[in-house]
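Here are my notes on the model, as numbered points. Please read them with the structure open beside you.

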Amino acid sequence: MRARRFRSGRALVSAFRVFSFLSIFLFSQEFLLAKDKKSISAVRWDELQPGCTFSRSDDGKYHYGLWSGDEGLTLSVDSQELEKTHRRHEPFFALFLSIRYRGEKALDLSTDGITLEFVRHFKTLESSLDPDDFATKIQNDADTEDHEVARELEKHPEKKAEREAYMRTFQKETAELIEFVSKNSLRPARLSPANSEVGGWVFFSTQSKWIGAWKKQEEFILRVPLDGKVFEFPFTLPPKPSEVQLRKRQ
């Protein structure tokens, strides 16, 4: 009986030591994460702050500019982007982002950490899509659609002309989208005095159970990590009247 109690006591001591170690480890990780978050400063677009600009071009795009230190970012949003998402075979949200650098050293731009928050949809956060993975998904979805139409025609051959015409249009649009994504997406880059500006499209998936039908006016927050900072662009579609009237600041 004493031996059994002794073994039980040793087991409790061992369990307590393991629990203590895990607690200390988790606490240290949370502390490091909190420390890292504090070391990253947020630079937020605000119409009342110096270095922030807003304009609307003749092609219907809204342009939000933000400078901080040696980095300047411009976010361009199509005024009809909400409507366009419903007309695409592959649902996605697209933004154009350009980055300028006026520093003397080299600065690496990574696209992995770019996110878009859908504020009015439970603040759902979506990471930017990898262009190559996105292009592959578009092709895979097109292949699936092609197989489904082929199976449909086996049961309903009378629809052959109609469905084949649909697939020709579908395949053409798919090929154009894949080419566009492959050639025009924002890619990781090294900025320097010799290569001071890059730009490209950034894509976000809207296929989430938390993102439903669009509201009359939508709110978003684009976040771009760069040079130890996070550039934040809160914007609405359509924009608020005060933003439309905002003029470029010197």
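1. Start with leucine 107. Its relative accessible area is 8%, under the 20% limit, so leucine 107 counts as buried. Keep in mind throughout that this is a predicted model. Leucine 107 belongs to strand β6, which covers residues 107-109. Leaving aside residues up to four places away in sequence, leucine 107 touches Glu71, Tyr101, Ala189, Arg190, Leu191, Leu226 and Asp227. Serine 196 is 89 residues away from leucine 107 along the chain, yet the C-alpha atoms of the two are separated by 9.5 Å.

2. Next, the nonpolar cores. How many residues does the largest nonpolar core have? The number is 36, and Phe93, Leu97, Leu222 and Phe235 have the most contacts inside this core. Strand β5 (residues 92-101) supplies the largest share of the core, five residues. Apart from this core lies another, of ten residues, including Phe92, Phe134, Ile138 and Leu177.

3. Leucine 97 deserves its own point. Residues up to four places away in sequence are again not counted. Leucine 97 then touches Leu73, Thr74, Leu75, Ile114, Leu186, Val198, Gly199, Gly200, Val202, Leu222 and Val224.

4. One open sheet is made of five strands in the order β2-β3-β4-β5-β10, with antiparallel pairing. Its edge strands, β2 (52-56) and β10, each pair on one side only. Direction ignored, neighbouring strands of this sheet are turned by 20° against each other on average. Within the sheet, strand β4 (residues 71-78) and β5 run antiparallel and are joined by six bridges. Glycine 72 stands opposite arginine 100, a residue of β5. Helix α4 (residues 160-184) lies across β5 and β10, and runs at about 135° to β10.

5. A second open sheet also needs a look. Five strands form it in the order β1-β12-β11-β7-β8, and the pairing is mixed. Which strands stand at the edges? They are β1 (41-44) and β8 (124-127); each has a single partner strand, so one side of each is left without a neighbour in the sheet. From one strand to the next, the twist averages 25°.

6. The mixed pairing can be followed at the two ends of this order. β1 and strand β12 (residues 229-237) run parallel and are joined by four bridges. Valine 43 has phenylalanine 231 in β12 as its bridge partner. β7 and β8, in contrast, run antiparallel, and four bridges join them. Here glutamate 117 stands opposite leucine 125 in β8.

7. The hairpin of β7 and β8 has five residues between the strands, and phenylalanine 122 takes a positive phi near 60° there. Along β8 the side chains alternate. Thr124 and Glu126 point to one face and are buried, while Leu125 and Ser127 point to the other and are not.

8. Now the aromatic rings. The model has 19 aromatic pairs. A pair of rings is described by the distance of the centres and the angle of the planes. For phenylalanine 93 and tryptophan 214, the centres are 6.3 Å apart and the planes stand at 65°, so the pair is edge-to-face. This pair links distant parts of the chain, 121 residues apart: phenylalanine 93 is in strand β5, and tryptophan 214 is in the loop between β10 (197-205) and β11 (218-226).

9. Tryptophan 214 also pairs with phenylalanine 118. Their ring centres are 6.2 Å apart and their planes are at 15°, so this pair is stacked. Phenylalanine 118 lies in strand β7 (residues 115-118), 96 residues from tryptophan 214 along the chain. Buried or exposed? With 0% relative accessibility, phenylalanine 118 counts as buried. Tryptophan 214, at 16%, counts as buried too, and phenylalanine 93 is likewise buried.

10. Ring pairs link Trp45, Phe54, Tyr62, Tyr64, Phe93, Phe118, Trp214, Phe220 and Phe235 into a cluster.

11. Last, charges over rings. Arginine 88 lies over the face of phenylalanine 92, 4.2 Å from the ring centre. Arginine 102 has its charged end over the ring of tryptophan 67, at 4.0 Å from the centre of that ring.

Conventions. Residues numbered from 1 in each chain as written. Predicted model: local features only at pLDDT ≥ 70, side-chain atom pairs only at ≥ 80, totals over all residues. Heavy atoms only, no water. Core = buried A, V, L, I, M, F, W, Y, C linked by side-chain atoms within 4.5 Å. Buried < 20%, exposed > 50% of the residue type's maximum accessible area, 1.4 Å probe, protein only. Helix = DSSP H or I, 4+ residues; strand = E, 2+ residues; numbered from the N terminus. Contact = heavy atoms within 4.5 Å. Pairing = 2+ DSSP bridges. Axes fitted to C-alpha atoms, helices over the stretch in contact; angles between N-to-C directions. Phe/Tyr/Trp six-rings, centres within 6.5 Å; stacked < 30°, edge-to-face > 60°. Lys NZ or Arg CZ within 6 Å of the ring centre and 35° of its normal.
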